[in-house]
Amino acid sequence: MNAVVALCHFCEAHGPAILFCTQSFHSAHDAQLMMDAVPPDKRIPLPDRPDSRASDASSVSSVSSLIQAPPAKSEQCEACRSIPADEAGFVSYDTKANICYISQQHPEQPQLYSVVRQACVRSLNCEVCPGREGPIAFGEDGSSHVLSYTFKIKDSQARGFSRLYSLVVVMMDRVFLINSWPFLVKHFRALIDDLQGKAECVYSRETEESKQHTSRSLRSSVSSTHGLDHLRRIRANETGRSLVELTGDGGIFRHLHRYFVFLLKAGGLRITECVLEGPPRVVADPESSGEQPGPAPSTPEALERPLSAADFRVVEEEGVCVLGSLQQVFHLMDKASFQYLATHILKGNQVIVRGNSVSLVTSLINILKNIVPEKCCQIVPFSKSYKEPFVCNFLGLSSSAEVPKHVTSSDLHVVVEIFHLGAAGRVVGGVWAGLRLGEGEGRGREDGNPCSGYRLVVVQSNSKTSEAKASVFLTRLVTLLSSEVLSDATISGGLSALKEEWMNKVKVLYKFSQMGHLEMPQKNERLTKLLHEILYVGYEDLPILQYWRAALSKEYKTHLMQAART
Amino acid sequence: MSSYGAESDHPHGSYSVVESFPDAYDYGPGEEEGALGSIGSESKPRIVLMGLRRSGKSSISKVVFHKLSPNETLFLESTSKVVKDDISNSSFVQFQIWDFPGQIDFFDPAFDSDHIFGGCGALIFVIDAQDDYRDALVRLHQTVTRAYQVNQSIKFEVFIHKVDGLTDDRKIEAQRDIHQHATEDLSDAGLEGIHLSFYLTSIYDHSIFEAFSRVVQKLIPQLPTLENLLNILISNSGIEKAFLFDVVSKIYIATDSSPVDMQSYELCCDMIDVVIDVSCIYGLRDDVDGTAYDQHSLSIIRLNNGTILYLREVNRFLALVCLLREDVFERQGLIEYNFHCFREAIQEVFDIRRKAMMATPSSASARDSP
């Protein structure tokens with residue numbers, strides 16, 4: 001739970017004060033960073049990671065260690081100090097979650113201090129709770145929200161025989177805070193009952209003693225008015241007593257630390273924040289994707305490394321043209337070759353683009369990767385040697401590199417050759433023995449098309465994949481691309497929409513697959529129904545949908561799982 | 001208890017109109033919010049009690065307005081929040097007491113000092129005379145200068161409190177000392193324009209009621225008229241001293257212009273207590289809802305030194321208490337007649353204010369829509 005839990009006190013002499021507050025840090029490193037921000041003389045030296053043996057005992061390790069610190073400010077009295085002056089606080093490590101809980105008198109970071117301090121003043125001195133004791137919540141959007149529980153602790157020496165305390169939880173998230181209300185209030189009440197019970201014992205003992213004392217002194221003194229005067233004088237000199245003294249419990253702050261850590265930990269486990277809105281980003285938004293002129297990996301070594309789609313950049317060489325749009329690519333090869341290539345890409349098979357020009361190869365990859373969701377792409381821009389499919393599914397390969405035999409003969413790979421047309425229009429390059437070459441003629445557009453001097457050839461293996469029925473997605477993609485009336489921008493928009501639509505189908509299928517306690521035949525029957533009647537796709541699309549599942553974000557999957565369970 | 005008198009049969013005597021009455025008060029430029037027609041308790045003239053912790057602010061407010069026994073103030077808790085107290089038992093004495101916790105600096109930017117001091121009529125700063133008051137003087141100076149920046153029409157009153165434990169010499173000494181320091185500090189800061197009034201007070205005698213009376217009187221715009229009426233009454237009836245009391249709080253809202261003798265004030269206070277107590281015990285019937293104080297309330301007490309205390313009801317909340325010689329009282333009929341005239345005159349003052357009060361909302365709305 002990203003919150004600060006604090007105990008506040010309205011000190012008779014010094015006004016409202018933060019007594020004790022517990023924060024969580026997501027790693028010891030963060031805590032160290034926090035410590036670095038404060039002046040060195042106030043710093044708490046954090047020990048290194050605790051022993052691993054602590055982690056197996058319980059999830060929150062119980063090593064609460066008192067750490068040494070310089071003496072606290074002298075202006076505070078006992079009542080507004082929690083931790084002895086020569087100690088700085090308590091630390092607990094949650095080794096499993098790598099969270100570290102620190103309790104101090106007050107937060108060291110100035111911004112946080114002012115937030116908690118304001119919560120403290122408001123809880124004790126401003127906000128009115130009917131009945132004076134009880135929970136209230138207040139706060140503003142944009143700043144912090146506070147749940148506060150004010151309560152009184154009996155003190156035989158205080159004015160009115162009681163002193164005012166409050167427990168506050170400061171949080172940025174209002175919805176979370178209000179949802180945690182029952183939990184927090186229940187535990188605050190329990191904690192307060194405990195404190196008040198202890199203080200009540202001390203109080204009754206003290207009043208008993210003082211009664212005996214006054215009856216003795218009254219016998220010796222002459223008049224009762226003197227006794228009253230005496231009482232008035234005594235009370236004027238009283239100094240505030242610490243919570244330790246009031247409760248008669250030396251380990252009270254240790255106890256509070258544990259309780260607060262429990263609240264932070266359990267409060268976080270109780271409700272998990274998760275992304276509720278559905279669609280994970282399929283289409284890359286301009287800020288994070290290739291539009292940004294990021295540094296292109298120019299060194300050959302950098303080009304050999306696998307990259308995610310977001311990090312991938314087109315390498316531009318001087319004097320060599322680049323391919324600009326999917327439409328262009330579509331027109332550079334014949335329809336059957338494109339369908340063959342696209343089917344492989346959609347199913348997640350490895351695409352190998354071979355050519356001599358780095359810019360041409362990377363630009364083609366850049367266009368082809370747009371057919372599938374961004375998260376499904378793993379790209380090696382340009383390599384001199386073959387990389388296995390588990391390294392990347394888009395591979396740029398120089399023409400000189402060898403492609404292993406098992407790859408060329410396999411059905412799970414597709415090779416695109418970029419040939420430079422000689423002056424005579426003849427293909428310059430080798431001929432693949434035993435392979436059927438897709439006849440990719442650069443149809444038309446001779447004029448003005450800078451890439452007309454190139455030819456894209458999709459190398460197809462022997463098997464009869466071309467006879468297989470085209471998937472619904474592919475049919476729609478081809479229809480979209482072969483349209484003569486649409487502009488490039490419209491087509492790319494249409495492609496995005498198409499991908500989003502298919503992602504939604506992926507989600508439905510994912511949820512369907514998570515449901516299953518069904519027997520095989522029954523399940524198949526249902527799956528068929530689902531595909532045809534709800535998703536309007538065929539069996540040919542199933543591999544695509546299954547592959548695209550990789551693009552679902554983890555948060556979304558978790559959300560779907562939870563939704564399915566409830 | 002904000003409705004006033006027996007005017008419920010009056011066509012315009014609705015609750016909301018009575019609530020909006022303080023609009024008729026005008027304390028100068030600081031009352032902007034009242035002029036804009038804001039209705040409700042927020043617009044009542046405000047008396048704020050400030051001072052260091054444990055100086056006796058809550059005790060004063062409890063003793064004066066809640067009839068707490070002074071000895072029981074020992075057991076009051078320390079005040080942690082601003083305690084707002086509506087005093088509206090009389091249409092003359094109608095204000096809010098704001099009792100501040102001494103530990104908190106309300107000039108901190110986190111607090112809206114415009115809101116706190118904007119509608120403030122009087123600021124009472126309480127100094128514990130039994131304690132070392134140097135810190136209190138520093139705080140007094142801060143408070144006065146900053147409040148003056150926010151609202152220049154505030155009246156500053158300094159209560160030198162808890163003087164019951166001091167000898168008479170030390171009382172005078174403390175007052176002189178505090179007066180000197182406080183005014184010097186102000187003139188050093190170039191604020192000679194601020195006038196501070198000093199009072200020696202204690203909750204164990206009547207001095208706190210007397211001091212509070214004078215604070216409240218400054219907030220009553222009709223005070224000169226009332227004083228004048230009382231002067232006419234005593235000169236024509238041979239009365240020595242006359243007080244117009246708010247019965248519930250026992251603070252006097254007006255007296256004649258002869259100097260106030262503390263003893264006679266105490267005497268009159270005690271007389272009100274006696275009258276109320278006696279009629280509470282013997283004057284109330286179980287079957288009828290009634291108050292111990294009504295229009296038949298009248299009491300004459302003869303003291304053995306030849307003085308007579310004379311109490312008469314003026315209206316539901318006010319009483320006239322007079323001190324007069326026994327021989328003058330032989331002409332009781334004249335006094336009764338003069339009192340009758342006086343009561344009618346007071347009634348007229350009320351009527352004028354009530355008319356003004358009804359006129360104010362319409363004039364305010366006229367201003368809103370030009």
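# Two chains, held up against the cut-offs

Tutor: Between chain A and chain B, about 2000 Å² is buried, and carbon and sulfur atoms give 51% of it. We're looking at a predicted model, where local features need pLDDT of at least 70 and side-chain atom pairs count only at pLDDT 80 or more, while totals for chains, interfaces and linings use all residues. Residues are numbered from 1 along each chain as its sequence is written, chains are lettered from A and ligands numbered from 1 in the order in which they are written, and side-chain values use heavy atoms, with hydrogens and water left out.

Student: What makes that area between chain A and chain B "buried"?

Tutor: Buried area is the accessible area (1.4 Å probe) that two parts lose on being put together, summed over both. So the figure of about 2000 Å² counts the loss on chain A and on chain B.

Student: How many residues take part in the contact from chain A and chain B?

Tutor: Chain A brings 28 residues and chain B brings 19, where contact means heavy atoms within 4.5 Å.

Student: What makes B:Arg53 and A:Glu12 a salt bridge?

Tutor: The rule wants a side-chain nitrogen of Lys or Arg within 4 Å of a carboxyl oxygen of Asp or Glu. Here the N to O distance is 3.0 Å, so the pair qualifies. Across the interface the rule finds two salt bridges, plus eight residue pairs in polar contact, both partners at pLDDT 80 or more.

Student: Which elements of chain A each supply at least two residues to the side that touches chain B?

Tutor: They are β1 (3-11), β2 (15-25), α3 (110-126), β8 (162-171) and α6 (224-236). Helix α6(A) gives the most, with six residues. The labels come from DSSP runs numbered from the N terminus: helices are H or I with at least four residues, strands are E with at least two.

Student: What is the make-up of that side of chain A by class?

Tutor: It has 13 nonpolar, six polar and nine charged residues. In this scheme Ala, Val, Leu, Ile, Met, Phe, Trp, Tyr, Cys and Pro are nonpolar, Asp, Glu, Lys and Arg are charged, and the others, Gly among them, are polar.

Student: Over to chain B. Why is B:Ser55 called buried?

Tutor: Buried means under 20% relative accessible area, exposed means over 50%, and partly exposed is in between (1.4 Å probe, protein chains only). B:Ser55 comes in at 2%, so it is buried. B:Ser55 sits in the loop between β1 (46-51) and α3 of chain B. Leaving out residues up to four places away in sequence, B:Ser55 touches B:Val126, B:Asp128, B:His161 and B:Lys162.

Student: What makes B:Ser55 and B:Lys57 a polar contact?

Tutor: A polar contact is a pair of N or O atoms within 3.5 Å; within protein, one must be able to donate a hydrogen and the other to accept it, and residues adjacent in sequence count only if both atoms are side-chain atoms. These two side chains are at 3.4 Å, so the distance test is met.

Student: Why is helix α3 (residues 57-66) of chain B described as largely enclosed?

Tutor: Eight of its ten residues are buried, so the rest of the structure largely encloses the helix. Among them are B:Lys57, B:Ile60 and B:Phe65. After α3(B) comes B:Lys67, with a positive phi near 60°.

Student: How do you know that buried B:Asp85 has no salt bridge?

Tutor: Its nearest side chain of opposite charge, B:Lys62, is 6.1 Å away, so the 4 Å limit is missed. Lys and Arg count as positive, Asp and Glu as negative, and His and the chain ends are not counted. Still, the side chains of B:Asp85 and B:His66 share a polar contact of 2.6 Å. B:Asp85 itself is in strand β2 (residues 83-87) of chain B.

Student: Why does the salt bridge of A:Lys198 with A:Asp249 tie parts together?

Tutor: A:Lys198 lies in helix α5 (residues 181-220) and A:Asp249 in the loop between α7 (243-247) and α8 (252-270) of chain A, so the linked parts are 51 residues apart in sequence. The closest N and O atoms are 2.8 Å apart.

Student: And B:Glu313 with B:Arg343: which is buried, and which is partly exposed?

Tutor: B:Glu313 is at 6%, so buried; B:Arg343 is at 23%, so partly exposed. Their salt bridge is 2.8 Å, N to O.
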